[in-house]
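Hi,

Here is the structure I promised to pass on. Have a look at it first, and then read my notes underneath.

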Amino acid sequence: MTALPEIRLPAAPLGSRVDAVVEALLQPILSGDWPPHHRLPSEHNLAGQQGVSRAVIREAIARLKSDGYVETRQGKGAFVAAAPGGNSFKLAEDSESDLLELRALIEADCAALAAERHTLADLQALRDAQAAMRRVIDQGGLGLNEDIHFHDVLAAAAHNPALRRFAAFVGRHAREAMQLARLSRLRYENRLAEIDAEHGAIVAAIAARDPAAARAAVLRHISNGLKRLGLPPRFT
């Protein structure tokens, strides 16, 4: 039986215990450690892991269910939803460039906040995520999942749970399909190192605690992504 990932409370003890547990449970869902249909630990186990009452766990699960991240099955417990967060917000069939522009605006704010608020653990997680994508590319892969994970970690470093959830939702709609085509093209053209360099610039700006530089690095990254898709850049 596959071991469940360890759940950790956010470093900054902001908000209620329910808010903290909701954020802790979202971590393995958003990262993909708990994929769709994965069964969550029991209320008893979660309460022990988080050091809270089962009533707090039930309220947190109810909130995640309302937001579309989990579903409950009578007598069986709680499970990750088939499309986590899909009931929380709807995107129309927008163009690739419009979705990327929306993603840029959100992630630029995430990066700016991360530059101000990140912990040493956040910075290490960003560097680890960048290194993971680099390893996959060096081994001949595309690094799609690692690219998505890097941006999830970036949003987490902003220490705003609501912003992180929204960034994850928009990011998956704006990235997965078009990123696969883009990364496949770049692999063919032997240009995947460009993404690594752009991620490095984002990490460096965050490490320097420079919000303006972090915002600019994200906008450059998205603008270059538009150009790599053959679309006109929207940010200069």
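Below is what I found, going from the whole chain down to single residues.

First, a caveat: this is a predicted model, and every value here is computed from it.

**The overall picture**

The chain has 236 residues, and 43% of them count as buried. There are nine helices and two strands. If you walk along from the N terminus, the order is α-α-α-β-β-α-α-α-α-α-α, so you meet three helices, then the two strands, then the remaining helices. Contacts reach a long way along the sequence: taking those between residues at least 6 apart, 69% join residues at least 24 apart.

**Two helix pairs**

A quick reminder before the details: two packed helices are described by the angle between their axes and the distance between the axes.

Start with α2 (residues 43-50) and α3 (residues 54-66). Their axes come within 9 Å and cross at roughly 105°. With angles of 65 to 115 degrees counting as roughly perpendicular, that is why α2 and α3 get that description. On the α2 side, the contact is made by E43, H44, L46, A47 and Q50, while α3 brings R54, I57 and R58. Sorted by class, this contact has three nonpolar, two polar and three charged residues.

Now for α5 (residues 120-138) and α6 (144-156). What angle do the axes of α5 and α6 cross at? It is roughly 170°, and these axes also come within 9 Å. Anything over 145 degrees counts as roughly antiparallel, and α5 is therefore roughly antiparallel to α6. From α5, the residues that meet α6 are D122, A125, L126, A129, Q130, A132, M133 and V136. Their partners in α6 are E146, D147, H149, F150, V153 and L154. By class, the contact of α5 with α6 divides into nine nonpolar, two polar and three charged residues.

**Buried residues to click on**

H199 lies in helix α8 (residues 193-207). Is H199 buried or exposed? Its relative accessibility is 1%, so H199 counts as buried. Leaving out residues up to four places away in sequence, H199 touches Q130, M133, D147, F150, H151 and H221. Some of those names should ring a bell: Q130 and M133 of α5, and D147 and F150 of α6, also take part in the contact between those two helices.

I61 is in helix α3. With a relative accessible area of 11%, under the 20% cut-off, I61 is buried. Setting aside neighbours within four places in sequence, I61 is in contact with L25, L40, V70, T72 and A78. Try the C-alpha distance from I61 to V21 as well: 8.9 Å in space, for two residues 40 apart in sequence.

R164 is in helix α7, which covers 161-189. This arginine has a relative accessible area of 8%, so R164 is buried. Which residues does R164 touch, not counting those up to four places away in sequence? They are E23, Q27, L30, D152, A155 and A156.

**Another arginine, and a ring**

R134 is in helix α5. At 34% relative accessibility, R134 counts as partly exposed. R134 and D196 are 62 residues apart in sequence, but their C-alpha atoms are 6.8 Å apart in space.

R73 is worth a look too. It lies over the face of F79, at 3.8 Å from the ring centre. As for rings paired with other rings, a search of the whole structure finds zero aromatic pairs.

**Two loop histidines**

Finally, a couple of backbone details. H37 is found in the loop between α1 (17-31) and α2. Its phi is near 75°, a positive value in a residue other than glycine. At 47% relative accessibility, H37 counts as partly exposed; the exposed class begins over 50%.

H159 is in the loop between α6 and α7. Phi of H159 is near 55°, again a positive value in a residue other than glycine.

That's the tour. Shout if you'd like to go through any of it together.

Cheers

How values were computed:
Residues numbered from 1 in each chain as written. Predicted model: local features only at pLDDT ≥ 70, side-chain atom pairs only at ≥ 80, totals over all residues. Heavy atoms only, no water. Axes fitted to C-alpha atoms, helices over the stretch in contact; angles between N-to-C directions. Helix = DSSP H or I, 4+ residues; strand = E, 2+ residues; numbered from the N terminus. Parallel < 35°, antiparallel > 145°, perpendicular 65-115°, else oblique. Contact = heavy atoms within 4.5 Å. Nonpolar A, V, L, I, M, F, W, Y, C, P; charged D, E, K, R; others polar. Phe/Tyr/Trp six-rings, centres within 6.5 Å; stacked < 30°, edge-to-face > 60°. Lys NZ or Arg CZ within 6 Å of the ring centre and 35° of its normal. Buried < 20%, exposed > 50% of the residue type's maximum accessible area, 1.4 Å probe, protein only.
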